[in-house]
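Let's take a walk through this structure together, one surface at a time. Have the sequence and the 3D view open, and follow along at your own pace.

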Protein chains: 2
Amino acid sequence: MATDVTITSAGEWADTVACCGLATSPVTEQDADRLAPMFKALGDPVRLRLASLIASAPEVCVCELTPAFDLSSATISHHLKTLRDAGLVESERRGTYVYYRVRPRALAALAALVSPG
Amino acid sequence: MATDVTITSAGEWADTVACCGLATSPVTEQDADRLAPMFKALGDPVRLRLASLIASAPEVCVCELTPAFDLSSATISHHLKTLRDAGLVESERRGTYVYYRVRPRALAALAALVSPG
DNA sequence: GTGTTGATTCGATAACCATCGAGACAGGAG
DNA sequence: CTCCTGTCTCGATGGTTATCGAATCAACAC
């Protein structure tokens, strides 16, 4: 599939999310359907660490991520795809290597939801 | 970190979480194992809406939550237990009814992780 | 005690998911 | 071109989960 420098899937909408506060007003059914997959993507210890590693630098090569886990590269690739499909990260191939970086607005949408008042 | 003694469920530990920023420093394997279940609990549209409904008031009776969904009360009860086991909410029975409220520090731990800088 | 209503647990089922090995694809080196 | 290395996809498999009806438990009214 065409790799995404120009994004795909979920995540775009995040820019337009109403914002603010699980508490302030109950999230709508539609918003829940769109936000839940992002939480779900972070709901696995491996993916949470992957996201964290990616977020701790402007971008990170897959070749640095794979050896950080005791898992096959197929599994890591699968988890990275899950994070990408959720709109949390994006990837770009440059030559032999593939680099991942976070989509800050997606994370911001989550933060807004779960932040107090 | 003084790991959790005799806890009702997860979530207590959240009070002692180091804090701050998926990005600032990569989350440890142990932290990931404890934080991921909280994200996972919010990773279902029904549970996200339940958490939102509970968070939008000081406390909410199950008898108000159940009719808000087109699901059996068994299913709602199951989802509430998932949220409770994740440490995101707590419940109290008063007479005939059971009331749920959020555990703000648990939410704060999530917010800290996913918030910028 | 019996009965009623709210909430949870039990057992089953269908759908989903994490993981792997094997294979395919992409890009560079010789 | 042929190899080699990095990444992804495919197919299979064992484990988990969302959902339900039925049964159970808890508190109250009678």
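Of the atoms of DNA strand C within 4 Å of the protein, 79% belong to sugar or phosphate, while the rest belong to bases. Keep in mind as you look that this is a predicted model. Around DNA strand C you will find 22 residues, and the closest are Arg47(A), Ser72(A), Thr75(A), His79(A) and Tyr100(B). That list includes residues from chain A and a residue from chain B.

Now zoom in on the phosphates of this strand. The side chain of Lys40(A) has an N or O atom 3.0 Å from a phosphate oxygen of DNA strand C. His78(A) also takes part through its side chain, with an N or O atom 3.4 Å from a phosphate oxygen of DNA strand C. From the other chain, Cys63(B) places a polar backbone atom 3.2 Å from a phosphate oxygen of the strand. Which elements give two or more residues to the surface near DNA strand C? They are helix 4 (73–85) of chain A, along with helix 3 (62–65), helix 4 (73–85) and strand 3 (97–102) of chain B. Sorted by class, the residues of this surface are nine nonpolar, eight polar and five charged.

Next, turn to DNA strand D. Here 23 residues surround the strand, and the closest are Ser77(A), Arg47(B), Ser72(B), Thr75(B) and His79(B). Of the atoms of DNA strand D within 4 Å of the protein, 84% are sugar or phosphate atoms and the rest are base atoms. Chain A contributes Tyr100(A), which has a polar side-chain atom 3.1 Å from a phosphate oxygen of DNA strand D. From chain B, a polar side-chain atom of Lys40(B) lies 3.1 Å from a phosphate oxygen of DNA strand D, and one of Arg47(B) lies 3.0 Å from a phosphate oxygen of that strand. The elements that give two or more residues to this surface are helix 3 (62–65), helix 4 and strand 3 (97–102) of chain A, together with helix 4 of chain B. The largest share, four residues, comes from helix 4 of chain B. By class, the surface near DNA strand D has ten nonpolar, eight polar and five charged residues.

With both strands visited, how do the two protein chains relate to each other? Chain A can be laid on chain B with an RMSD of 0.0 Å by a turn of 180 degrees and a shift of 0.0 Å along the axis. That is the relation of a two-fold axis.

Finally, look at where the chains meet. In this interface, 30 residues of chain A are in contact with 30 residues of chain B. The copies meet through the same surface, because 100% of the interface residues of chain A are also interface residues in chain B. Between them the chains bury about 2500 Å², with 77% of it on carbon and sulfur atoms. The interface has two salt bridges. One of them joins Arg49(B) and Glu29(A), whose closest N and O atoms are 3.9 Å apart. On the side of chain A that touches chain B, the elements giving two or more residues are helix 1 (29–42), helix 2 (45–55) and helix 5 (104–114) of chain A. Helix 1 of chain A gives the most, with eight residues. By class, this side of chain A has 19 nonpolar, six polar and five charged residues.

Methods
Residues numbered from 1 in each chain as written. Chains lettered and ligands numbered in written order. Predicted model: local features only at pLDDT ≥ 70, side-chain atom pairs only at ≥ 80, totals over all residues. Heavy atoms only, no water. Near = heavy atom within 4 Å. Polar contact = N/O pair within 3.5 Å; in protein donor to acceptor, adjacent residues only side chain to side chain. Nonpolar A, V, L, I, M, F, W, Y, C, P; charged D, E, K, R; others polar. Least-squares fit on C-alpha atoms with pLDDT ≥ 70 in both. Contact = heavy atoms within 4.5 Å. Buried area = accessible area lost by both parts, 1.4 Å probe. Salt bridge = Lys/Arg side-chain N within 4 Å of Asp/Glu carboxyl O.
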